[in-house]
Structure formats: structure tokens, C-alpha cells
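Hello,

Here is the structure I promised to pass on to you. Please have a look at it first, and then read on for a short tour of what turned up.

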Amino acid sequence: MYSFINIFGLSLGIAAFIIISLYVGYEKSYDSFEGSDTVYRAYMDYIKGDTYEGGDAQTYNLSGPTLQKEFPEVIDNVRLYRLDKVTFVNQEKIIEQPNGALVDFSYFNIFNTELLEGDINAFKKPNTIVLSQSLAKKIFGDENPLSKTISVFYVSEIVLEVTGIMEDAPETTHMKLNYLISFETLENWDTLSGQAELNWNQNNFFTYLKVKETTNFEALQEKIKSKDIENDPDERHNIERLSDIHLHSDKPYEAEANGSSSRVKFLSVIAIIILILSWLNYINLSTVKSLERSREVGIRKVAGAQRSQLIFQSLIESFCLFFIALLVAVLLVITLLPVFNGFVGKSLVLGISNLKSLLPFVGLMILGSLLAGFYPALILSNFSPVKALKGKIVNSSKRLNIRKGLITVQFFATIILIIGTLVVAKQINFLKEQPIGVELSQVLAFKGLVLEAVPDSVLIKKIEVFENELSNLAFVDEVARASTYPGDGYDNLSSSVGIEYPDGTVDERQIFYAYGARPNYFNVVDIQFVAGQAFKASKKDNNLESIVINKKFAEQMGYPDADKIINKQVKLWGETCTITGVIEDYHHFGLKNEVQPLLIYQNQPDDNVLIKLNASSGSVAGMQSSLDKIETLYKSIFPNSTLNYTFLDKKFESQYDEDRKFGIAFQIFTVLAILIAALGLFGLTSYMALQRRKEIGIRKVTGASVFQILKLLNKDFIALIILALVIAIPVAWYIMGQWLQEFAYRTELSWWIFALSGVATIVIALVTVSFQSVKAATSNPVESLRTE
């Protein structure tokens, strides 16, 4: 039984440690390639009050060339204009593909990218494209795509020549590009021609710098921050290491949702805790088991065994147990890794490819296991042969104190993990249940791309026909159009500075976010007005005559009473605008970020058609029928087009997917840690009950009740749990308080979390201990008192 507990406990600990190590290694391996340590990303800082704060992940199209010109440490730069999704048309084949970019030719040098096929120099020409291997296969099948042309739609159409094929982007990169379009194509593409002008007005470009190998990052960073290259004191350029982006950068307009360094640290700590719990189990069980082997040690010593030989024998036994546990752990990892991948959404594998990265961890596990066996070995080798052969070896108070200390550490770790699990679950539920200021249930966003050359006026007219037809459907309550919607992130918003307030004050520092919508947009997503009303309908493409702002923006303009700003005028983008309405603050970017100043103007967006469905579409069958009818209607008006739809409430909740996955992983490993601790406690109790069987027998004969026996065996453990609880609560309060700081809106560290964790630990310990205690307390005292 003791061997099983040791092996199984070690196996669980090692398996958990390996899985978490794979995850941590995966997260830390982002953007790692030959020369990646000399690549930095430039980004913008904006002034807030008297200090600068991290701003956009994107910069200007002048940023890269200017930084290279101004700073000799920079030897090359590349600009990327990212396209979130385009549509490829090859004869009858229509393929929507996300994640691509227009890039400078220097991209291939800076990101160490080589072509599998094609001439890399051909990419210097405008209207050329390089496809990833899988995308080329998807578009052209088995045909050779080189030198072939393909139509690419991003609002408007452009015909590009395929000049190369590259490898698929690895999963471990923050910028997963499926295709590259030559930067010179900007000038020829109607949709993007406005981005080709070199200026300090539009920061829509990702900029990466290649620096000399001898460059000191901190020194270069300070030089760049201190030099105002764009001649604007309200903002500055900054840089960050390429390898830091995935875990340490979380700015507006990132290429994708980044990872979290705090999640990686938390899981790393959990891995170490689980492994230590396994080692502590081994030390505890081996120590008490050593008393049973005292006669064996006495005989060996009488027969001439040296102390070093006894220590070596014990360590060999420890290593054998560890080796068996390691084999079992590997089998557990192979079995459980697909399940874990499903929880965290990764593609972790245990293979030769990552064996090198695991070797330090394996070395740590071997060293730890040998050290765990070293203390019992010292105890065994230190026994007096005379006392050992007479059976007079007893637990010393020193060994008892050490064992109690180890048990306290186990309880301490278990309590912290339970508290952490409860706090994470409470925060995730808080995010899910917190009012966001809008109503997104039963609202769909339909977005299509018309693959035909029609004038803008004709396209808008057709979209209006689509809106009217939708409004006549029985299951549709209301229809609107907007360039974005709550939960859509930053991509379809514009960030701006520079506004003249109603009192004539000019503010060049305050960042605000703006987007266009039709007047009935507010009804569809149920945005409430604090004062005023929506702007009046207009046929103008971009009508800035009247605007709607949120309460936060009104307060920053100096109007805490929203009624007083209605019909006031502000000047922005060279135009005078009248504020017709102030809306309640709503969480456009989710609850992980603070509410930002928002401005909504009227335009004729062809991006998203928002549809509010009524209760008749409530069932799954009813919803599918409604979707089919909408798609049929859309295709009848736009036969040559693509169409996608999104449920707004699902899209909004998806912002917290990573946090939910982290919560599940936290719970899984906490349960493992509790199981390992319980296993050790079970084994320890079993042995203690066996050692005290004669004492228990005598107590029963002299009239002790079962409850008194249970109290005798359990009281020490309860005292240790209370001690561990007293130590663990302030530590857990600090750690989880730091984790909650990541969220702009967060739950409280309620007292019941700590109380429940303590009660749960006591219950787990009592159940574990009482299983053997009840068995010992109810056994026949005659059997325990009978001599050999």
C-alpha cells in the first residue's frame, strides 16, 4: 500500500508538472527564431496627466523609416498593414481567409522567412502576393500557383500575381500571416490608397525594427522615448522585445488576443507546488516506514554494512520508485494531454521536438526525488544496531516535529490552491453576470462582401432594400447598421485625439474612440440615453452634423450633468458637430478594460447589419429556420457574395474564454494537489493507526468510546490545519489580490472564500484520516493486544 501511494502520488505530481511545463514552454516559445533577439516592435505611448502610458500597438507608416534614419542602432525596419480578412476568388472558387498583411520586402530578412517556391525578388514589384503552403493548396489545389493571378477583395477588388509560396506560420507567433502582399500595392488598391501617403496622421501600421547585435535594449528604448520624431509632445514612440509581445503586451489594436504572463506564473507555481507535495508525501511515508525497517538496518550493521552503503541502498530504492513513477507519469501525460489541450485550446505534444526543453525539468524532478529520499536514508543509517535489534527504536520528538512541519506545508499549499480556485471562479462568474449596459441576446450581426463591381450608391441602395425586407419578416423585431458593436474589440473603431470642447477649450491629449451607425442602432442593442436623443436620419455617407457621446466623454468635457451638454457644439476633424444625445456608459471592450470615451456619428456603413430577433426564434429549430431565411434573402439581393453572421452575446462572452480555460485548468490541478495531499495523509494515518494499535486496544479495554479514539487520532491533524490556515490566508489574500488587479472591474475577496477553504480542508483531512481511524477504533481489541 505504501509503495502504491508513493508511486501513484509521485506519478500524479510528475504528470501534472510535465503537462504544465509543456504549456509554459509553449507560451514562452512565441516569436523565437534565429535572430529574433535583435528584433523589436515599435508602438505608441500617449500622455495622460503628467506621465506617458502604453498606447496603441500600431504606429505610423513613417515610423519605421524615420526610426532607422534617426538611430544608428537600427539597421532595418518593416511595416505591416494587417488585413483581418480578405476574400480570394479563383474562377468558381471563393475563399475567405483571415490574417494577412501588406509588408515591406525587408519582412523576409527581419523575420527570417524563406520561400519554398518562387523568386523572392519578384515581391519587390507592386500587385504581387506570397501565399502560405496551405492557403495555396486551398485556392489552387494541385496546380502550380506561381505566376498565376488571383482576385482579392477587401471591400474593392485588386488582381495580384502569385510570386512565391512560404511555410505556414507557426502557432507560436503573435502575427499569424497566411499571405503577404507587397507594400507597394497600397497605392494601387482603391480601398487602401489613402494609407500609402507618408504622414504622421494615421497610425495603422505595425512596425518592427532590426537592430545591431551589440545593441543595449534599455539604452535604445530611452533614446527613442526621449526623441520626439513626429513633433508631437502628447505622444512618443516606444519599443518592446519581440519575445515579450505575447505574454507582456496587451494594447489596443493588437494583432490577436495575447497570452498572460500572470497565468503562466500561476500555473508554474501550481506545478511546483504539486511536485513538492509529492516529494513531501515520499519523505513523510518513508520516514515513518523506516521505523519498521529498524531490525533490518540493525542486522545489516552487525553484518558489517557501512553507513554510506545504507544511505546508497536507500537512495537506490528511492530512484527505483521514482523511475517507476516516471514511467506511469508519462503514460498519464500521453492519456491526459489531449484532454488538457481541449481545455486550454493549445496543441501541446510530448515528443522529441520538446524533449530538449523538458530536460532541465526532468533533472529537477530526479534531483528532488533523490533529495526526498535522502532524509529517510539518513534516519535509517543512523539507527543504533543494539536498539534496533531489540526493537527499541521509537519516534524522536525531532522527527515528529519535522513530520508535522511537512504536513503543515502540505495543508498550507492545499489551502492556497483552494482559495485560488474559488477566487478565479468568482471572478469569472462576476464577468459573466455583471451588467454591461446593453442587451445583446437575440441580436445577430450579418456581414457580407459583395463580389461585384457596383457603385457605392448602388450598393447602399441594395443594403437598404435588404434592411426593409428583413423588417418585414415576422421573426425580426428591428434592423440597423453599424461599423462595429459591443464586444467587437478595437479593429472597427477609430481612435482619435484633438477636439474643441463647447467652452472653447482645445484638448489635444484625450483619446476617444469613434464609430459610425444608423439612428436605430441604439434600439437594436438597447443602449439607454441619459439625455437627448439619437441623431436624425441622413442620406449622407458620413454625417458629422449631429453626434452621440457616452456619459464618460461628457464628464471629461466638464459636463457631469448630461442635460447641459445637449445641443452644444464641439469641433473635431475640421468640422463642427452638435451633440444631440448622451448615452449610458456601456462596456464596448469588455469588463477587463475601463469604459472609454465614445463618440458615435451617423454614416452609411456596409459592415454589419444588426438584426434583433423576437421570441419566435427562441428554439434551436426556430433559430436555424430564421438564419436560413435571412441567408436566402441576402443571396437573392446579392447573389455574388459571401455572408457570415455572429451572435453578439456569444461574441462578447468569448472575450473571457482564456480566463475560463485558466479557471478550469486551475481547478483540475487543485484537485490533483488535494488528491496527492490526501493520499499522503491516508498513508500516514494508516501507519500511525498500525503503530498505535496496542494503545488503542488498551484504551478500548479500559472503557474509551469510539468517539474518544477518533478524537485522539484526529486532534493533531486539526491543529496542524488551523496553523496552516492562519499562515495561508494572508499569503493567498495577497497573491489573488495581485491577480485581480489585471481586471478593471473585479469581484471582492469575500471572507467566506477563506472560511470555506478552511472548512473544505478540514473536511478533506477528516474524511481521509477517519477512514483509517474508524477502522482502528472499531477493531477488536483482543486482536491488537494478542502477542506473537
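**A charge over a ring, and what surrounds it**

Lys 124 lies over the face of Phe 105, at 4.8 Å from the ring centre. Please keep in mind as you read that this is a predicted model.

Phe 105 is a good place to start, since ring pairs join it into a cluster with Phe 33, Tyr 107, Phe 108, Phe 111, Phe 123 and Tyr 208. The count of aromatic pairs in the protein comes to 38. One of them is formed by Phe 108 and Phe 123, which meet edge-to-face with 5.3 Å from centre to centre and 85° between the planes. Phe 108 belongs to helix H3, while Phe 123 is in the loop between strand S5 (115-118) and strand S6 (128-132), so this pair ties together parts that are 15 residues apart in sequence. Both Phe 108 and Phe 123 are buried.

Phe 111 and Tyr 208, also in the cluster, make another edge-to-face pair, at 5.1 Å centre to centre and with 75° between the planes. Here the partners are 97 residues apart in sequence: Phe 111 lies in the loop between H3 and S5, and Tyr 208 in strand S10 (residues 206-211), so the pair ties those parts together. Phe 111 is buried, and Tyr 208 is buried as well.

**Salt bridges**

How many salt bridges does the count come to? There are 20, and three of them are worth a visit.

Begin with Arg 41 and Glu 240, whose side chains meet at 2.7 Å, N to O. Because Arg 41 sits in strand S1 (residues 39-48) and Glu 240 in strand S11 (residues 235-241), the pair ties together parts that are 199 residues apart in sequence. Are these two residues buried or exposed? Arg 41 has a relative accessible area of 0% and is buried. Glu 240 has a relative accessibility of 8%, so it counts as buried too. This pair is also part of a network of salt bridges that links Arg 41, Glu 240, Lys 251 and Glu 254. Lys 251 has a ring to look at as well: its charged end sits over the ring of Tyr 43, 4.1 Å from the centre.

Next come Asp 104 and Arg 79, with their closest N and O atoms 2.9 Å apart. Asp 104 is in the loop between strand S4 (93-103) and helix H3 (107-110), and Arg 79 is in strand S3 (residues 74-90); the two are 25 residues apart. Asp 104 and Arg 79 are both buried.

The third is between Asp 488 and Lys 651, where the closest N and O atoms are 3.0 Å apart. This bridge links the loop between strand S13 (476-482) and strand S14 (494-496), which holds Asp 488, with helix H17 (residues 648-653), which holds Lys 651, and the two residues are 163 apart in the chain. Asp 488 counts as buried at 13% relative accessibility, whereas Lys 651, at 26%, counts as partly exposed.

**The nonpolar cores**

In soluble globular proteins, nonpolar side chains tend to be buried together. In this model the largest nonpolar core has 108 residues, and Tyr 521, Leu 610, Phe 669 and Trp 739 are those with the most contacts inside it. Helix H1 (residues 2-28) gives the most to this core, with 14 residues. Apart from it lies another core, of 26 residues, including Leu 83, Val 86, Val 152 and Val 162.

Which residues does Trp 739 touch, leaving aside its neighbours within four places in sequence? They are Ser 262, Phe 266, Val 423, Val 424, Gln 427 and Phe 662.

**A proline at the surface**

Pro 233 is found in the loop between helix H5 (217-226) and S11, and it is exposed, with a relative accessible area of 55%. Beyond its neighbours within four places in sequence, Pro 233 is in contact with Ile 47, Tyr 52 and Asp 228. Its C-alpha is 9.3 Å from that of Arg 509, a residue 276 positions away in sequence.

**The whole protein**

Stepping back, the protein has 22 helices and 24 strands, and buried residues make up 52% of its 788 residues. Of the contacts with a separation of 6 or more, 79% are between residues 24 or more positions apart. The protein exposes about 35,700 Å², and carbon and sulfur atoms supply 55% of that area.

Enjoy exploring!

Definitions and conventions:
Residues are numbered from 1 along each chain as its sequence is written. This is a predicted model: local features need pLDDT of at least 70, side-chain atom pairs count only at pLDDT 80 or more; totals for chains, interfaces and linings use all residues. Side-chain values use heavy atoms; hydrogens and water are left out. Helices (H or I, at least four residues) and strands (E, at least two) are DSSP runs, numbered from the N terminus. Buried means under 20% relative accessible area, exposed over 50%, partly exposed in between (1.4 Å probe, protein chains only). Contact means heavy atoms within 4.5 Å. Accessible areas come from the Shrake-Rupley method with a 1.4 Å probe; for residues, only the protein chains shown count as cover. A nonpolar core is a set of buried Ala, Val, Leu, Ile, Met, Phe, Trp, Tyr and Cys residues joined through side-chain atoms within 4.5 Å. A salt bridge is a side-chain nitrogen of Lys or Arg within 4 Å of a carboxyl oxygen of Asp or Glu. Rings of Phe, Tyr and Trp (its six-membered ring) pair if their centres lie within 6.5 Å; planes under 30 degrees apart count as stacked, over 60 as edge-to-face and the rest as tilted. A charge sits over a ring if NZ of Lys or CZ of Arg is within 6 Å of the ring centre and within 35 degrees of the ring normal.
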